[in-house]
Amino acid sequence: MYLALDGNGPLHAQLTRALKGAILDGRYGEGARLPPSRALAAELGVSRNTVLTAYEQLRAEGFVSARIGSGSYVTPPLHATQVQRPTSTTLPPQSAFARRGRLVHDHGNLPGRAPEGARYCFQYGLPIVNPAVASMWARELARAAAYTSPNYPPTQGLPALREAIGDYLARRRGLVVDPADVVVVSGTQQAISLCLRVLADEGDHAVVEEPQYFAVRELLQLHGARISPVPTDVEGLRCDLLPERSPRLVFVTPSHQFPGGSVLSLARRMELFAYARRHDAWVVEDDYDGEFRYDGRPLAALRSLDRGDRVIYIGSFSKTVFPSLRLGYMVVPRALREDFVTAKWSLDFGSSAIEQAAMASFIASGGFERHLRRSTRILAERREVLMQGLRHYGRGRVRIADSRAGMHVAAWVEGHGAADVERLLAIGLRHGLGLHSILPHYHAPPDRCGLLFGFASLSVAELREALPLFGRCLEEFEREGPAPVAALARQHRGEHHARRQPRQVRGRIRQR
Ligand SMILES: Cc1ncc(COP(=O)(O)O)c(C=O)c1O
């Protein structure tokens, strides 16, 4: 009998695990006699005591019974639990959510993550690294750990943090917030999940911007919602194209459309409210990076104009502090407050109290907003260097989408289709550049070559080194010419680059 020890922990525990595995796999069937301890010890090159300890453990757990003078035998009832390796057809049924997850979610290929081997990565969604904030945060955490109660925190969030968030939103986002309407969550991702739990049922319609944050689309797909993508332009969501069929929810990024970059104009904001009223729909405002504006003060949030209490406002510390924190907040309509708290309770009872206490103190001390002001200055500088570099090295072929906010810029390489994007990314990687396609953020990707440039995680010096490299990549890219028509057609049939682009296409087809 071949027994593989896994190398973890004491030898007798390794042997116990290996023998259990052999019994459960049926390699030692019901009633089979385990090898004599002396023989097994000699075979494995371990002491007899090790084998005896393992056998004793198996006896104590009921896997084998001992017959005096005769050895150890696999216990009869075990045959019922002996398992075949499960296959998808032998597994007991899973939920519709899990089944949809298998179709939609690709763990190994999440848009926006840094590719391995890139020296300069234009990763979007990563905030600037400020060592002063890291040490301030370490101090806040240590202090908070000392005075935070070890008991479960209030599900809705610590009162001190809800108050601090309310004050901050009033100062910076033009919102008048009662802290009683704030729910602390572990990031936008959880906030959107809560919106779906509270406001939508399977089969309900939801409007998303086209293009949209891919995670919103995926969450909607996982929940079994039907997606109506509505185009965006320089004024944000095309409200004149909102569907006649009433949606339950409209997801928008009004302060800085993700990923296109526009700001929802005042006229469109009013149109959106009128639409939501007419169709009895909720509006979900994802204010993920609206704090950072480069042509004046940040614009007030959409919810500040909401007179009907229809907007669920979502903010996150992912862009303003760092995403590993997993801390965000919602301002919810008064009538829904208990529903959201119940939904939050069902997920995790509440977010970590120590982090919440540390964040409350970071905001109340003024440290958070000092950090934001400093970040905005640094980001403005980096953005300027990026824009100049893209114009200079773009060889007249790169069209930059107008955007004066946030931490990323969308750009289109003219004369090339969607089939060329992966080739450009591969050329980038050969030159040490982490480039990112914009196309995963489309429900129906256009046949264009679009990139997203995050500028927060590269210093000015790094940007100055990276942009000439981008110019060289473009040169090489153009030299090779656009993808031949046959390759384009093949890719659109989903036969090429099976992990990236077609995944989006497959997701779209399934929903029709
Ligand atoms: C549009 C949008 N919303 C929200 C987030 C942040 O999500 P979270 O708060 O879950 O980190 C991101 C991050 O990339 C984003 O792009």
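**Exercise 1. The eight-stranded sheet**

In what order do the eight strands of the open sheet stand, and is the pairing mixed? Find the order, then the edges.*Solution.* The model is predicted: local features need pLDDT of at least 70, side-chain atom pairs count only at pLDDT 80 or more, and totals for chains, interfaces and linings use all residues. Residues are numbered from 1 along each chain as its sequence is written, and side-chain values use heavy atoms, with hydrogens and water left out.

Step 1. Fix the terms. Helices (H or I, at least four residues) and strands (E, at least two) are DSSP runs, numbered from the N terminus. Two strands pair if DSSP finds at least two bridges between them.

Step 2. Read the order. The strands run 4-11-10-9-8-5-6-7, and their pairing is mixed.

Step 3. Find the edges. Strand 4 (182–185) and strand 7 (236–237) each have a single partner strand, so one side of each lacks a neighbour in the sheet.

Step 4. Take one pair. Strand 5 (residues 205–210) and strand 6 (residues 226–233) are parallel and share six bridges. Val-207 has Ser-228 in strand 6 as its bridge partner.

**Exercise 2. The four-stranded sheet**

Give the strand order of the open sheet of four strands, then examine one of its pairs.

*Solution.* Step 1. The order is 12-13-16-15, and the pairing is antiparallel.

Step 2. Strand 12 (398–400) and strand 15 (436–437) are the edges; each has a single partner strand, so one side of each is left without a neighbour in the sheet.

Step 3. Strand 12 and strand 13 (residues 408–413) are joined by three bridges and run antiparallel. Within this pair, Val-398 faces Val-413 of strand 13.

**Exercise 3. A hairpin and a contact**

Describe how strand 1 and strand 2 are connected, then place Tyr-73.

*Solution.* Step 1. Strand 1 and strand 2 pair antiparallel over four bridges. Val-64 has Val-74 of strand 2 as its bridge partner.

Step 2. Three residues separate the two strands of this hairpin. Gly-69, in the turn, has a positive phi of about 75°.

Step 3. Tyr-73 belongs to strand 2 (residues 71–74). Tyr-73 is buried, at 11% relative accessibility; buried means under 20% relative accessible area, exposed over 50%, partly exposed in between (1.4 Å probe, protein chains only).

Step 4. Tyr-73 and Arg-33 are 40 residues apart along the chain, yet their C-alpha atoms are separated by 4.4 Å.

**Exercise 4. Salt bridges across the chain**

How many salt bridges does the structure hold? Work through three pairs and a network.

*Solution.* Step 1. The count is 28. A salt bridge is a side-chain nitrogen of Lys or Arg within 4 Å of a carboxyl oxygen of Asp or Glu.

Step 2. Glu-61 and Lys-20 pair at 2.7 Å, N to O. Glu-61 sits in the loop between helix 3 (48–60) and strand 1 (64–67), and Lys-20 in helix 1 (residues 11–24), 41 residues apart. Glu-61 is partly exposed, at 39% relative accessible area.

Step 3. Arg-172 and Glu-291 bring their closest N and O atoms to 2.5 Å. Arg-172 is in helix 6 (residues 159–173) and Glu-291 in the loop between strand 9 (282–286) and strand 10 (311–316), so this pair ties together parts 119 residues apart in sequence. Arg-172 is buried at 14%. Glu-291 is buried at 4%.

Step 4. Arg-423 and Glu-480 meet at 2.6 Å, N to O. Arg-423 is in helix 13 (residues 421–430) and Glu-480 in helix 14 (residues 460–480), 57 residues apart. Glu-480 is partly exposed at 44%.

Step 5. A network of salt bridges links Asp-178, Asp-181, Arg-334 and Arg-337.

**Exercise 5. Helix 8**

Is helix 8 enclosed or exposed?

*Solution.* Step 1. Nine of the nine residues of helix 8 (residues 214–222) are buried, so helix 8 is largely enclosed by the rest of the structure.

Step 2. Among the buried residues are Phe-214, Arg-217, Glu-218 and Leu-222.

Step 3. Gly-224 follows helix 8 and has a positive phi, near 80°.

Step 4. Set this against the whole protein: buried residues make up 53% of its 512 residues.
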